[in-house]
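Please examine the chain shown here, beginning with its overall fold and then turning to its sheets, helices and pocket.

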Amino acid sequence: MKVVIAGAGSVGASIARELVSHGHDVLLIDEKPESRARSELVGVEWFFGDACELTTLQEAGLGDADVVVSATGDDKVNLVVSLLAKSEFGIRRTVGRVNNPKNDWMFDDSWGVDVAVNTPRLMTALVEEAVEIGDVVRLLTLRTGETSMVEFTMPQDSPLVGRTLGSLRLPEECAVVALLRDESPLIPSPDDVLEGGDEVFFITAISAEPELRRSLRSGE
């Protein structure tokens, strides 16, 4: 897979390093040539220029990318890059970094963003996921801002304990995608019997989250 990353700061460089270690082709676009030496990255292609300029993206060969990641520290830049990638180059998948949580609402398909990564919100979710038992915690907002991944930690006294996953009455726009038990991930099946302490992960429409929360809390 070919990935183009706009922004070679600490975040962009870290993403590039991980992707290269997983065998992907990575191109980093940055305005500052000195960022190349500073990053100490190996196996990464570079292109220097303003990623907000269409000509820069054309010369960098953005059209050959499978995924474009906008990882700069400027939300305006990340939005513009995502929009150009989607509208001008038809990139299949775009990921945008949200620096200011107040701007989160703009990172959707109207700006060409498929997945918005809001680091402060993600950290909050991970803190809540570690301490919240018996409530639905949103971990990630997925494509177009209409779908999310949420987690529910099963209380020991939940009325759902002892029931099978297949017996749960879930909203139509919701699906169980993973089960974590004793720190071991399990592929969920309708016959799995729920235990106290289980962490259940769902993909759900954001509009269906309240109904999912009511269902899991009540056990009905």
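The paragraphs below proceed from the whole chain to its two sheets, a helix on each, and the largest pocket.

This is a predicted model, in which local features need pLDDT of at least 70, side-chain atom pairs count only at pLDDT 80 or more, and totals for chains, interfaces and linings use all residues. Residues are numbered from 1 along each chain as its sequence is written, and side-chain values use heavy atoms, with hydrogens and water left out.

The protein chain contains six helices and eleven strands; these are DSSP runs numbered from the N terminus, helices being H or I of at least four residues and strands E of at least two. Its C-alpha atoms fill a box of roughly 60 × 35 × 25 Å along the principal axes. Of its 220 residues, 43% count as buried, where buried means under 20% relative accessible area, exposed over 50% and partly exposed in between, with a 1.4 Å probe and protein chains only. Among contacts (heavy atoms within 4.5 Å) with a separation of 6 or more, 54% join residues 24 or more positions apart.

One open sheet consists of six strands in the order 3-2-1-4-5-6, with parallel pairing; two strands pair if DSSP finds at least two bridges between them. Strand 3 (45-48) and strand 6 are the edge strands, each pairing on one side only. From one strand to the next, the twist averages 20 degrees; axes are lines fitted to C-alpha atoms, for helices over the stretch in contact, and angles between N-to-C directions run from 0 to 180 degrees. Strand 2 (residues 25-30) and strand 3 run parallel and are joined by four bridges, and Leu28 has Trp46 in strand 3 as its bridge partner. Helix 4 (residues 75-89) lies across strand 1 (2-6), strand 4 and strand 5, at about 175 degrees to strand 5.

The other open sheet described here has five strands, ordered 7-8-11-9-10, with antiparallel pairing. Strand 7 (136-141) and strand 10 (184-186) stand at its edges with a single partner strand each, so one side of each is left without a neighbour in the sheet. Neighbouring strands are turned by 25 degrees against each other on average, direction ignored. Five bridges pair strand 7 with strand 8 (residues 147-153), and Thr141 stands opposite Ser148 in strand 8. Within strand 10 is Ser184, which is partly exposed at a relative accessible area of 36%.

Which strands does helix 6 (residues 209-218) lie across? Helix 6 lies across strand 7, strand 8, strand 9 (174-181) and strand 11 (199-205), running at about 150 degrees to strand 11. Its buried residues are Glu209, Leu212, Ser215 and Leu216. Seen down the helix axis, these fall within an arc of 125 degrees, so they line one face of helix 6; the arc is that of the directions from the helix axis to the C-beta atoms. Gly219, with a positive phi near 80 degrees, follows helix 6.

The largest pocket holds about 390 Å³ of space. Of the 21 residues lining this pocket, Ile15, Val69, Val95, Val115 and Val117 are the closest to its centre. A pocket is an open set of points on a 1 Å grid over the protein atoms alone, with protein on both sides within 12 Å along at least five of seven lines, and lining residues have an atom within 4 Å of a point. Grid points are joined across faces, edges and corners, and the volume is the space filled by probe spheres set on the points. Strand 5 gives the largest share of the lining, four residues.

Terms used. 1 Å grid on protein atoms, 1.4 Å probe; cavity = no way out; pocket = protein on both sides within 12 Å on 5 of 7 lines; lining within 4 Å.
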